[in-house]
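Welcome! Please take a moment with the sequence and the 3D view below, and then we can walk through a few features together.

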Amino acid sequence: MLQELLGAAAAVGSVGVVYLAMAARVIKQYERGVLFRLGRVTKDTRDPGLNLVIPFVDRLHKVNMQIVTMPIPAQEGITRDNVTVRVDAVVYFRVVDAVSALIKVEDYKFAVSQMAQTSLRSIIGKSDLDDLLSNREKLNQGLELMLDSPAVGWGIQVDRVEIKDVSLPDTMKRSMARQAEADRERRARIINADAELQASKKLAEAAQQMSDTPAALQLRLLQTVMAVAAEKNSTLVLPIPVELLHFLERGHQQPAPNPDGGQRSG
């Protein structure tokens with residue numbers, strides 16, 4: 001009799017162990033469990049930890065609540081100013097309602113991917129090339145709004161959308177390089193012309209000052225000679241004032257006096 005009781009207890013224990021093994025479900029900290037009982041979803045989700053379900057009656061689906069980083073494949077399109085570009089981006093989203101993510105959409109990751117590609121092509125067609133290259137923050141916000149609007153109904157929250165790279169044709173790259181080079185050359189010429197204008201004004205002021213004070217011109221001449229002589233050159237070119245030449249010319253034209261008191265013509 002005792003052996004039969006022990007055998008029955010062992011059988012019941014074995015059945016219990018098998019039942020627990022079939023009914024036990026472990027949900028990780030970053031997951032939530034959605035329980036379907038006979039095909040109908042229960043209202044409350046299962047929290048992380050050990051959960052028991054009814055075998056062959058309940059079916060537990062685990063939903064990852066972590067932020068998903070999904071790259072958007074490069075999309076080729078024509079901008080509003082008729083430039084062909086290839087743009088790729090990345091979208092960050094997470095599930096906030098596990099029940100809606102399982103029931104309202106068949107595959108929420110695939111749905112977000114397709115919606116992101118469509119939205120990216122739409123943004124390309126509505127934007128200019130300059131906006132794609134320099135005003136990405138505004139385009140990122142526009143993409144986020146386009147994705148977040150339908151995703152809210154799926155229990156998904158779009159945290160951020162970033163445009164990673166904009167690929168241009170080689171001909172367009174060369175044209176932009178030539179444009180940038182021409183713009184830099186234009187600025188350089190404007191700067192040089194402005195410097196010449198300022199220098200001419202200063203030279204005019206200096207000339208006016210020297211004309212009022214003739215001794216200043218002589219001092220400037222001596223300073224120039226000293227600066228040239230400091231270079232240890234073998235040849236020194238010294239400018240002679242025109243007034244000195246006139247003085248020598250007048251002295252040469254005066255007639256020399258004769259020994260008898262008269263003048264001898266030259």
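## A surface patch and a run of strands

Leu 20 is partly exposed, because its relative accessible area is 46%; buried means under 20%, exposed over 50%, and partly exposed in between, with a 1.4 Å probe and protein chains only. This is a predicted model, in which local features need pLDDT of at least 70 and side-chain atom pairs count only at pLDDT 80 or more, while totals for chains, interfaces and linings use all residues. Residues are numbered from 1 along each chain as its sequence is written, and side-chain values use heavy atoms, leaving out hydrogens and water.

Leu 20 lies in helix H1. Helices (H or I, at least four residues) and strands (E, at least two) are DSSP runs, numbered from the N terminus.

Now for the patch. Val 18, Tyr 19, Leu 20, Met 22, Val 26, Leu 38, Leu 50, Leu 52, Ile 54, Phe 56 and Val 57 make up a nonpolar patch on the surface, together offering about 1100 Å² of accessible area. Two or more residues of the nonpolar patch come from each of helix H1 (2-23) and strand S4 (49-52). H1 supplies the largest share, 4 residues. Members of such a patch have over 30% relative accessible area and no salt bridge, and nonpolar side chains are joined within 5 Å. A salt bridge is a side-chain nitrogen of Lys or Arg within 4 Å of a carboxyl oxygen of Asp or Glu. The areas come from the Shrake-Rupley method with a 1.4 Å probe.

Next, the backbone. Most residues other than glycine have a negative phi. Here are two residues with a positive value.

| Residue | Phi | Loop | Relative accessible area |
|---|---|---|---|
| Leu 38 | near 55° | between strand S2 (31-37) and strand S3 (40-41) | 67%, exposed |
| Asn 82 | about 65° | between strand S6 (68-78) and strand S7 (84-95) | 65%, exposed |

Leu 38 also belongs to the nonpolar patch, whereas Asn 82 sits in the turn of a hairpin that S6 and S7 form with 5 residues between them.

How many bridges pair S6 and S7? The two strands pair in the antiparallel sense over 9 bridges, and two strands count as paired if DSSP finds at least two bridges between them. Ile 78 has Thr 84 in S7 as its bridge partner.

S7 is also joined to strand S8 (residues 156-167), running antiparallel, by 10 bridges. There, Ala 89 stands opposite Ile 163 in S8.

Notes
Patches are made of residues with over 30% relative accessible area and no salt bridge: like charges are joined within 9 Å, nonpolar side chains (Val, Leu, Ile, Met, Phe, Trp, Tyr) within 5 Å.
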